[in-house]
Amino acid sequence: ELNPTSPKSEALDALLDDIMDDIFENTDEELDTYGQVKACYDYLVSNVRYGSHMANRGAMVDDSVSCRSIYQGYGAVEGFGAVALTAEVGMCNAYASAFILMARNIGLNAYLVKGQTRSRGGGYAYHEWAEILVGDEIYVFDPQLDPSLAHQGLGSYTHFGQTHGQPG
């Protein structure tokens, strides 16, 4: 059962609605929930580049609302998600936050997870990603890490909808 939720920021809600409309207008068929989630994931992978979202907190969501003010008023998920959706730049938490906002707009129970991932040089590095709870199962989504792995020839969609028990 889907329960769509909107960001608390009215400006971010309007921007997100416009982006979601653009994503779904560019398809020739009616998408099921999986297709909608994949289209949102693909949008972020294609449109957001890796870089400092902190340097872009001043990006304007509309004529009077900045990403910084959204962050200060509504927290990291809305604030960093706003940067990724307006300035189209961010690090792991901005990508994940934007994906969470999109998934919640569809009606899914999405949330931000903080932890570690393997680093290229060995060992582990701090990282944030999105998870969606469906029934009793948790699915992992990492729209920032996937393009990096694909660029290294390690496959696409390795962190799209995997459970913790699946190899990724």
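Contact, in this tour, means heavy atoms within 4.5 Å. The model is a predicted one, and the stops below move from the open sheet to the helices and then to a few single residues.

**The sheet**

Select β3, β4, β5 and β6 together, and you have an open sheet of four strands in the order β3-β4-β5-β6, with antiparallel pairing. Because β3 and β6 stand at the edges with a single partner strand each, one side of each is left without a neighbour in the sheet. From one strand to the next the twist averages 35°. As background while you look along the backbone, strands of a sheet pair through backbone hydrogen bonds, either parallel or antiparallel.

Narrow the selection to β3 (residues 109–118) and β4 (residues 124–134), antiparallel strands that are joined by 10 bridges. Two pairs are useful for checking the register: Thr 117 has Ala 125 of β4 as its bridge partner, and Arg 118 stands opposite Tyr 124 in β4. The hairpin of these two strands has five residues between them, and there Gly 122 should be picked out, since it takes a positive phi near 100°.

Move on to β4 and β5, which pair in the antiparallel sense over five bridges; as a landmark, Ala 130 stands opposite Phe 141 in β5. Their hairpin has two residues between the strands, and in this hairpin Gly 135 takes a positive phi near 65°.

Then add β6 to β5: the two run antiparallel and are joined by two bridges, and Val 140 can be found opposite Gln 162 in β6.

**Just past β6**

Select Thr 163, which lies in the segment after β6 (160–162). Is Thr 163 buried or exposed? Its relative accessibility is 15%, so Thr 163 counts as buried, the limit for that class being under 20%. Not counting residues up to four places away in sequence, Thr 163 touches Glu 137, Ile 138 and Tyr 139.

**Helix α2 and the sheet**

Now display α2 along with the sheet, on which it packs, touching β5 (137–141) and β6, with a direction that makes about 125° with that of β6. Helix α2 covers residues 33–47, and because its 15 residues should span 21 Å at 1.5 Å a residue, the distance of 21 Å between its end C-alpha atoms agrees with expectation. To see which of its residues are covered, colour Gly 35, Val 37, Ala 39, Cys 40, Tyr 41, Tyr 43 and Leu 44, the buried residues of α2. When following side chains around a helix, remember that an α-helix has 3.6 residues a turn, so residues three or four places apart point the same way.

**Helices α1 and α5**

Select α1 (residues 10–25) and α5 (residues 92–106), which pack at an angle of about 75° with their axes 11 Å apart. Given that angle, α1 is roughly perpendicular to α5. On the α1 side, the contact is made by Leu 12, Leu 16, Asp 17, Ile 19, Met 20 and Ile 23, and on the α5 side by Leu 101, Met 102, Asn 105 and Ile 106. By class, the residues of this contact divide into eight nonpolar, one polar and one charged.

Stay with Asn 105 and add Thr 5, which lies in the segment before α1. What separates the C-alpha atoms of Thr 5 and Asn 105, 100 residues apart along the chain? The separation of these C-alpha atoms is 5.3 Å. Apart from its neighbours within four places in sequence, Thr 5 is in contact with Arg 104 and Asn 105. Thr 5 nevertheless counts as partly exposed, because its relative accessibility is 35%.

**Two loop residues to finish**

Select Ser 66, in the loop between β1 (49–50) and α3 (67–74). At 15% relative accessibility, Ser 66 counts as buried, and, its neighbours within four places in sequence left aside, Ser 66 is in contact with Arg 57, Gly 58, Ala 59, Met 60 and Val 61.

Last, select Glu 88, which you will find in the loop between α4 (76–86) and β2 (89–90). Here phi is near 55°, a positive value in a residue other than glycine. With a relative accessibility of 30%, Glu 88 counts as partly exposed.

Terms used
Residues numbered from 1 in each chain as written. Predicted model: local features only at pLDDT ≥ 70, side-chain atom pairs only at ≥ 80, totals over all residues. Heavy atoms only, no water. Buried < 20%, exposed > 50% of the residue type's maximum accessible area, 1.4 Å probe, protein only. Expected span 1.5 Å × (residues − 1). Axes fitted to C-alpha atoms, helices over the stretch in contact; angles between N-to-C directions. Parallel < 35°, antiparallel > 145°, perpendicular 65-115°, else oblique. Nonpolar A, V, L, I, M, F, W, Y, C, P; charged D, E, K, R; others polar. Pairing = 2+ DSSP bridges.
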